[in-house]
Amino acid sequence: VCEAGDRLLAVSVRPTAPHGCRPSSIVTLRDTTELRAVAGRAAVAQRRLRLLYDAMSSIGTTLDVERTAEELTRFTVPRFADYACVDLLDSVLRGGEPEGTMMRRTALSGIDSDHPLYPVGTLVDFASQTPQAIGLGTGTPVLEPDLRNDGGWEQNDPDNADRILAHGIRSMLVVPVRARGV
């Protein structure tokens, strides 16, 4: 196999003498460029399937919501993020139906333990323009690509927002997760 510009050629050289012919060789060139692209896509698909398998075998191993939240954050860091947390409606943690806006930090994982994020157990009522409140209200993910821009995320705790930025945390993705349709 050799590269020829942006093409990938498979070169095969075979002698003709063993087949009753005069001693010589036959050279076959086959353009395998598309095979390389297909192999690359197959490798990507295999990595994605492996990730999915790993997630299925490590998240939701019990029916305990707090343990599942912990498993989710441990799986997320460092595969997708430096820090991951799960904030659940306090009413759900107390065994009730989803109601209100009081959220309790249920799980937290990070690349280091010296960070300014709220610890597990903290009860927070996120302001209406924070990504958490918007995600909870709409049920859709909310991306804050650059926390240095005023996007509403810092409304709840401006002092802690300064510590978060000083720690080097630069973006936030809020992903509402629903169970049993709620």
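How many bridges join strand β2 to β3? The answer is 7, and strands β2 (residues 7-15) and β3 run antiparallel. Keep in mind as you explore that this is a predicted model. The tour below goes through two sheets, then a helix with a cis peptide bond, and ends with two residues in and after helix α3.

**The sheet β1-β2-β3**

- This open sheet has 3 strands in the order β1-β2-β3, and their pairing is antiparallel.
- Strands β1 (2-4) and β3 are the edges of the sheet, because each has a single partner strand, so one side of each has no neighbour in the sheet.
- From one strand to the next, the twist averages 35°.
- If you want to follow the β2-β3 pairing on screen, try V13, which stands opposite V27 in β3.
- A handy general idea: strands of a sheet pair through backbone hydrogen bonds, in either a parallel or an antiparallel way.

**A closer look at T28**

- T28 sits in strand β3, which covers residues 25-31.
- Is T28 buried, exposed or partly exposed? T28 is partly exposed, because its relative accessible area is 32%, and the partly exposed class lies between under 20% for buried and over 50% for exposed.
- Leaving aside residues up to four places away in sequence, T28 touches A10, V11, S12 and R14.
- One of these neighbours, R14, also joins T28 through a side-chain to side-chain polar contact of 3.4 Å.
- For a sense of scale, T28 and I164 are 136 residues apart in sequence, and their C-alpha atoms are 62 Å apart in space.

**The sheet β4-β5-β6**

- A further open sheet of 3 strands has the order β4-β5-β6, again with antiparallel pairing.
- Here β4 (83-89) and β6 (123-125) stand at the edges; each has a single partner strand, so one side of each is left without a neighbour in the sheet.
- Neighbouring strands of this sheet are turned by 40° against each other on average, ignoring direction.
- Strands β4 and β5 pair in the antiparallel sense over 7 bridges, and one place to look is Y83, whose bridge partner in β5 is G110.
- On the other side of the pairing scheme, β5 (residues 102-110) and β6 are antiparallel over 3 bridges, and M103 stands opposite V124 in β6.
- Strand β4 is mostly covered, with 6 of its 7 residues buried.

**Helix α2 and its surroundings**

- Helix α2 has 15 residues and reaches 22 Å from its first C-alpha to its last, close to the 21 Å expected at 1.5 Å a residue.
- At the N-terminal end, D64 caps α2: a side-chain oxygen of D64 lies 3.3 Å from the backbone nitrogen of E66.
- The buried residues in α2 are A69, E71, T73, F75, T76 and V77, and what covers them includes α1 (33-58), β4 and β5.
- P78 belongs to α2 (residues 65-79), and the peptide bond from V77 to P78 is cis, with omega near 5°.

**One aromatic pair**

- The count of aromatic pairs comes to 1.
- F75 and F80 form this tilted pair, at 6.5 Å centre to centre and with 50° between the planes.
- The partners differ in their surroundings: F75 is buried because its relative accessible area is 7%, whereas F80 counts as exposed at 55%.

**S91 and T101**

- S91 lies in helix α3 (residues 90-93).
- S91 counts as buried because its relative accessibility is 6%, which is under the 20% limit.
- Apart from residues up to four places away in sequence, S91 touches G96, E97, P98 and E99.
- Where does T101 lie? T101 is in the loop between α3 and β5, and it counts as partly exposed at 40% relative accessibility.
- Not counting residues up to four places away in sequence, T101 touches L89, V124, D125, F126 and L136.
- The side chains of T101 and D125 make a polar contact of 2.5 Å.
- T101 and A81 are 20 residues apart in sequence, with 25 Å between their C-alpha atoms.

Key
Residues numbered from 1 in each chain as written. Predicted model: local features only at pLDDT ≥ 70, side-chain atom pairs only at ≥ 80, totals over all residues. Heavy atoms only, no water. Helix = DSSP H or I, 4+ residues; strand = E, 2+ residues; numbered from the N terminus. Buried < 20%, exposed > 50% of the residue type's maximum accessible area, 1.4 Å probe, protein only. Contact = heavy atoms within 4.5 Å. Polar contact = N/O pair within 3.5 Å; in protein donor to acceptor, adjacent residues only side chain to side chain. Pairing = 2+ DSSP bridges. Axes fitted to C-alpha atoms, helices over the stretch in contact; angles between N-to-C directions. Expected span 1.5 Å × (residues − 1). Phe/Tyr/Trp six-rings, centres within 6.5 Å; stacked < 30°, edge-to-face > 60°.
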